[in-house]
Amino acid sequence: MTAKTTVERFRAAIEQSDLAALDDLFSDDTRLYSLAKLKPLEDKQMILGLFGVLMRTFEDFRYVAQYTGVAETSADGTEAPSEVLVFRGTVGGTEIHGIDQLHFGDDGRIKEFSVFVRPLSAAQALSEAVLARLAEAGLVPAPAAQ
């Protein structure tokens with residue numbers, strides 16, 4: 001599998017909301033850097049669960065641009081093949097602009113995934129919606145009542 005093949009398969013899986021197709025695209029030691037936490041997620045099953053929630057949370061999600069290159073990874077500072085996918089979508093009526101940055105291992109699988117979202121109000125709306133759905137799915141504890 002090559003990075004190019006992986007990113008094509010990744011885009012198709014996201015655009016078709018095909019969670020099962022994502023499993024083979026992530027390495028077993030993938031790190032996912034999200035907008036909600038400083039420390040990365042390092043549990044592949046949790047990462048796949050998060051993508052399932054994201055697929056149910058976004059409305060009108062679409063990739064609008066793609067850039068290919070090489071970038072330094074966060075995990076170990078090595079350079080790796082990289083793709084940046086620019087996206088647009090809506091969550092609860094709030095328009096979201098963002099990018100997904102994918103770094104690939106020697107086997108072509110995704111070894112590091114980072115998400116960046118703007119504006120701040122969109123990041124907050126997305127974070128709240130995802131946390132609620134993760135709790136509903138039993139993937140994280142329910143937030144304490146205020």
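1. In this predicted model, strands E2 and E3 form a hairpin with 6 residues between them. Gly77 sits in that turn and has a positive phi of about 75°. Strand E2 covers residues 59-72 and runs antiparallel to E3, the two being joined by 11 bridges. Two of the facing pairs can be named: Gly69 stands opposite Ser82 in E3, and Ala71 stands opposite Ala80 in E3.

2. A hairpin is also formed by E3 and E4, with 2 residues between the strands. Its turn holds Gly92, where phi is positive at about 55°. These strands run antiparallel and are joined by 10 bridges. Leu85 stands opposite Asp100 in E4.

3. How are the strands ordered in the sheet? The sheet is open, has 5 strands, and follows the order E1-E5-E4-E3-E2 with mixed pairing. E1 (26-33) and E2 are the edge strands, each pairing on one side only. From one strand to the next, the twist averages 20°. Between E1 and E5 there are 4 bridges, and this pair runs parallel. Within it, Leu32 has Phe113 of E5 as its bridge partner.

4. Two helices should be viewed together with the sheet. Helix H1 (residues 3-15) packs on the sheet and touches E1, E2, E3, E4 and E5; the direction of H1 makes about 165° with that of E2. Helix H3 packs on the sheet as well, touching E1, E2, E3 and E5. The direction of H3 makes about 60° with that of E1.

5. The largest nonpolar core has 34 residues. Those with the most contacts inside it are Phe10, Leu22, Phe26, Phe51 and Phe113. At least two residues of this core come from each of H1, E1, H3, E3, E4, E5 and H4, and H3 gives the most, with 7 residues. Phe10 is a useful residue to display: beyond its neighbours within four places in sequence, its contacts include Leu22, Phe26, Phe51, Leu85 and Phe113.

6. Does His103 count as buried or exposed? This residue lies in strand E4 and counts as buried because its relative accessibility is 1%, while the cut-off for buried is under 20%. Leaving aside neighbours within four places in sequence, His103 is in contact with Ala71, Glu72, Thr73, Ala80, Pro81, Ser82, Arg109, Ile110, Lys111 and Glu112. Among these contacts, Ala71 and Ala80 stand opposite each other.

7. Helix H4 has 17 residues, 120-136, and its length can be checked. At 1.5 Å a residue it should span 24 Å, and its end C-alpha atoms are 24 Å apart, so the two values agree. The buried residues of H4 are Ala122, Ala123, Ala125, Leu126, Val130, Leu134 and Ala135. They pack against helix H3 (44-57) and strands E3 (79-91), E4 (94-104) and E5 (110-118). After H4 comes Gly138, with a positive phi near 75°.

8. Ala129 is also found in H4, but it counts as partly exposed because its relative accessibility is 22%. Beyond its neighbours within four places in sequence, Ala129 is in contact with Thr57 and Val91. Ala129 and Val53 are 76 residues apart in sequence, and their C-alpha atoms are 9.2 Å apart in space.

9. The structure holds 9 salt bridges. In one of them, the side chains of Asp24 and Arg9 meet at 3.5 Å, N to O. Asp24 lies in the loop between helix H2 (19-22) and E1, and Arg9 lies in helix H1, so the pair ties together parts that are 15 residues apart in sequence. Both partners are partly exposed, Asp24 at 33% relative accessible area and Arg9 at 34%.

10. Lys44 forms a salt bridge with Asp23, with the closest N and O atoms 3.7 Å apart. Lys44 is in helix H3 and Asp23 in the loop between H2 and E1, so this pair ties together parts 21 residues apart in sequence. Lys44 counts as buried at 14% relative accessibility, whereas Asp23 is partly exposed at 33%.

11. Asp60 and Arg62 also meet in a salt bridge, at 3.1 Å, N to O. Asp60 counts as exposed at 52% relative accessibility, and Arg62 as partly exposed at 33%. Elsewhere, salt bridges that share partners join Arg9, Asp24, Asp107 and Arg109 into one network.

How values were computed. Residues numbered from 1 in each chain as written. Predicted model: local features only at pLDDT ≥ 70, side-chain atom pairs only at ≥ 80, totals over all residues. Heavy atoms only, no water. Expected span 1.5 Å × (residues − 1). Buried < 20%, exposed > 50% of the residue type's maximum accessible area, 1.4 Å probe, protein only. Contact = heavy atoms within 4.5 Å. Pairing = 2+ DSSP bridges. Axes fitted to C-alpha atoms, helices over the stretch in contact; angles between N-to-C directions. Core = buried A, V, L, I, M, F, W, Y, C linked by side-chain atoms within 4.5 Å. Salt bridge = Lys/Arg side-chain N within 4 Å of Asp/Glu carboxyl O.
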